[in-house]
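Me: Please take a close look at a single part of this model. I would like one strand with its neighbours, described in order.

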Amino acid sequence: MNKPLRAVAIFCGLLVLGLLIRANWLQYVRAPELASDTKNRRVQIEQFATPRGDIVVGGRAVTGSKETESTDLKYKRTYVDGPMYAPVTGYASQAQGMTLLEKTYDSILTGKDDRLAFQRFADVVSGEGRRPGSVVTTIDPKAQKAAWDGLTDLKGARGAVVALDPRTGKVLALVSAPSYDPSVFAGNTFKESDRFVALDKKKNKPLANRALRETYPPGSTFKILTAAAALEHNIVTDVDARSDAVSPYPLPQSTNKIGSEAGDAVCNKASMKTAMQYSCNNVFLDAASKLGQDKMRETAEKFGFNEDVYSDDFGDLLATKSLYPENLDKPGTALTGMGQGSLTSTPMQMAMVTAGIANDGKVMQPYIVDEVKGPDLDTLEKTEPATMSEAVSAETAQKVQEMMEFTAKEGSARRAQIGGITVGGKTGTAQRGVDVNEKVPYGWFVSYGKKDDGSSVAVAVFIDPTDMDISREDISGGGLGAPIAKRVMEAVLKQ
């Protein structure tokens with residue numbers, strides 16, 4: 001063979017080798033990645049080839065499937081009470097993808113999970129076809145409806161409600177308003193895509209999950225954490241003893257003085273118990289200033305701030321971190337004592353703080369899935385309660401409970417009282433904007449209810465009244481949030 005032919009042969013051989021390497025790379029190395037790529041049409045065809053499994057609330061499926069006229073995507077998702085459960089279920093859309101439980105447990109709901117391999121083989125042999133599993137949630141349907149009705153009764157309100165079982169961490173209610181019906185864009189028609197785009201463009205953000213994914217200044221509800229920190233670090237030893245915090249309170253390193261709605265006569269040098277009762281700012285500003293940023297942050301982090309609320313196992317249910325910032329100056333630290341400044345929190349986080357106080361200082365890991373079941377209802381996975389942290393001592397938590405229960409009986413949280421149930425509560429009105437009166441404030445309310453048999457519930461209510469027809473003077477956590485919290489607590493404890 002002459003030299004030119006040899007060169008051509010070698011070149012062609014290299015080309016063939018390159019093709020073989022590329023083919024093997026695609027077939028064996030990248031195969032799993034390509035097989036699960038959302039842009040792979042075959043993935044979609046397989047996902048929607050059979051009815052999806054159920055997401056279950058209170059023994060009832062809140063999802064379903066129905067046949068479509070599509071030639072390749074045979075089934076699309078349907079939802080029962082879609083807007084009420086959307087922050088829990090998320091959506092499974094042929095065009096828009098998946099979120100929340102639909103996404104996290106897609107392999108179970110489509111029957112493709114590895115744990116169902118033997119079942120799939122048996123189904124093929126029997127000719128039944130692929131059968132999916134189901135996801136059983138911890139949501140209490142009565143509590144969810146009470147929360148949803150309470151928020152939607154406030155015409156135009158944006159907001160969220162989270163209810164937890166303090167003893168276990170079970171999520172009993174998770175509501176965000178305004179909401180959306182996932183059924184209206186579950187398919188892949190142009191009309192359904194237009195509906196999704198329209199929802200995404202709405203000013204009031206119905207697609208937002210305010211309970212988990214958005215953070216806000218927690219306002220005076222954070223005072224229960226400030227009180228816990230002050231007691232835990234012995235800044236305060238007697239909740240009934242008068243303080244030396246004057247009102248209005250001179251902010252450290254500043255000419256600003258901060259007053260309280262209750263007035264200086266009530267709040268000047270008030271005890272911490274009285275300050276909780278009337279939500280006096282000066283006592284909590286002073287406590288945070290004396291504690292310093294490190295001790296305040298330490299306590300906040302023990303309750304879950306600056307941490308992921310859910311573990312990685314919960315995938316798309318991961319909540320946005322609530323932040324107690326670093327490198328605060330003295331005035332910034334003092335302001336966090338009353339839940340203002342650069343402090344931010346999700347409603348889930350404030351529900352966790354309240355639940356931790358109600359559970360004698362022990363914060364439980366929140367979870368929303370109780371069981372994962374196979375097609376024959378055999379349990380594939382069961383969530384067991386897990387302690388997230390011992391945030392404060394039982395003695396400290398019980399002193400904060402004493403103050404919160406007094407506030408519910410004699411103070412600003414009276415509207416949450418329930419006959420025959422021990423209730424503790426705290427109101428919150430969070431200012432926002434550069435100037436105090438620049439924007440309407442947020443309304444917050446946190447509370448817990450306990451029965452003599454040991455059953456309990458902790459609730460956080462957040463309300464953004466931007467779109468409400470309401471005067472600034474009527475915006476308060478006690479006025480707007482307490483009645484909702486009461487309805488949710490009654491739904492859980494009076495069944």
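Reply: The account below follows strand S13, its burial, its two pairings and the turn of its hairpin. The model is predicted, so local features need pLDDT of at least 70 and side-chain atom pairs pLDDT 80 or more, while totals for chains, interfaces and linings use all residues. Residues are numbered from 1 along each chain as its sequence is written, and side-chain values use heavy atoms, without hydrogens or water.

Strand S13 (a DSSP E run of at least two residues, numbered from the N terminus) covers residues 369-373. Of its 5 residues, 5 are buried (under 20% relative accessible area, 1.4 Å probe, protein chains only), so S13 is largely enclosed by the rest of the structure.

S13 pairs (at least two DSSP bridges between the strands) with strand S7, residues 134-137, in the antiparallel sense and over 4 bridges. In this pairing, Val135 lies opposite Val372 of S13.

A second antiparallel pairing joins S13 to strand S14, residues 379-382, through 3 bridges. Here Lys373 faces Thr379 of S14 across the pairing. S13 and S14 form a hairpin with 5 residues between the strands. Leu377, in that hairpin, has a positive phi near 65 degrees.

Taken together, S13 has antiparallel pairings with S7 and with S14, and 5 of its 5 residues are buried.

Note on methods
Buried means under 20% relative accessible area, exposed over 50%, partly exposed in between (1.4 Å probe, protein chains only).
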